[in-house]
Amino acid sequence: MSAVASDPRPKPVKVADAVRDRISAAKYPDGKLPTVRELSKEFGYAGQTVRDGLSILITEGRIFSAGNRGYFVAGDTQESLTRKPDVGEEIKEMRLQIQALAERVAALEAGANSDGV
């Protein structure tokens, strides 16, 4: 893949976009991405530039690094790659749990105070 000179995006973003597209198209059926060296050669970018692009995908939760073993696709289904958590629902659930715990603590304190009086 040769870089288009007129593309104003930073090189790491170009790498991330290309690898993201390949993940979406299931180009890595075994879940393992090519090595940084292979991607560097393919894109014509320095290894650090490729690693920076892969870091973008790690931050997105699309891939993970297994140290010296390489980079791997994080999810095994397309849904896991595109689904975003519903933060509002998570907050509601946490509030309900906190409220239930607060009520239990209050009941325990009331029981302790009535026994100790």
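**View 1. Here is the whole chain, in which buried residues make up 25% of the 117 residues.** What you are looking at is a predicted model. Count up the secondary structure and you get 5 helices and 2 strands. Follow the sequence along and the pattern reads α-α-α-β-β-α-α. Now for the contacts between residues at least 6 apart in sequence: 48% of them join residues at least 24 apart. On the outside, the chain exposes about 8,400 Å², and carbon and sulfur atoms supply 55% of that area.

**View 2. Now we step inside, to the largest nonpolar core and its 17 residues.** Which members touch the most other members? They are Val19, Leu33, Val50, Leu54 and Ile63. Several elements each supply at least two residues of this core: helix 1 (11-24), helix 2 (36-43), helix 3 (47-60) and strand 2 (71-73). Helix 1 gives the largest share, 5 residues. Pick out leucine 54 and look at what surrounds it: leaving aside neighbours within four places in sequence, leucine 54 is in contact with Val19, Leu33, Val36, Leu39, Ile63 and Tyr71.

**View 3. This close-up is all about isoleucine 63, which sits in strand 1 (residues 63-65).** Is isoleucine 63 buried or exposed? Its relative accessibility is just 2%, and buried means under 20%, so isoleucine 63 counts as buried. Who are its partners? Set aside residues up to four places away in sequence, and isoleucine 63 touches Ile23, Leu33, Leu54, Leu57, Ile58, Tyr71, Phe72, Val73 and Ala74. You can also find valine 19 in this view: isoleucine 63 and valine 19 are 44 residues apart along the chain, yet their C-alpha atoms are separated by 9.9 Å.

**View 4. Helix 2 has a buried side, made by Val36, Leu39, Ser40 and Phe43.** Imagine looking down the axis of helix 2: the buried residues fall within an arc of 105 degrees, so they line one face of the helix. What do these buried residues pack against? Their partners are helix 1, helix 3 and strand 2. Flip to the face turned away from the buried side of helix 2, and you meet the exposed residues Arg37 and Lys41. Right after helix 2 comes glycine 44, which has a positive phi, near 80 degrees.

**View 5. Zoom in on alanine 26, a residue in the loop between helix 1 and helix 2.** Check its backbone angle: alanine 26 has a positive phi of about 60 degrees, although it is not a glycine. Is alanine 26 buried or exposed? With a relative accessibility of 55%, and exposed meaning over 50%, alanine 26 counts as exposed.

**View 6. Last stop, the surface: Val87, Ile91, Met94 and Ile98 make a nonpolar patch.** How much area does the patch cover? It comes to about 370 Å². One of its members, methionine 94, lies in helix 5 (residues 87-116). Methionine 94 has a relative accessible area of 46%, which falls between the 20% limit for buried and the 50% limit for exposed, so methionine 94 is partly exposed.

Notes:
Residues numbered from 1 in each chain as written. Predicted model: local features only at pLDDT ≥ 70, side-chain atom pairs only at ≥ 80, totals over all residues. Heavy atoms only, no water. Patch = residues over 30% accessible without salt bridge, like charges linked within 9 Å, V, L, I, M, F, W, Y side chains within 5 Å. Areas by Shrake-Rupley, 256 points an atom, 1.4 Å probe, with all protein chains shown as cover. Salt bridge = Lys/Arg side-chain N within 4 Å of Asp/Glu carboxyl O. Helix = DSSP H or I, 4+ residues; strand = E, 2+ residues; numbered from the N terminus. Buried < 20%, exposed > 50% of the residue type's maximum accessible area, 1.4 Å probe, protein only. Core = buried A, V, L, I, M, F, W, Y, C linked by side-chain atoms within 4.5 Å. Contact = heavy atoms within 4.5 Å. Arc of directions from axis to C-beta.
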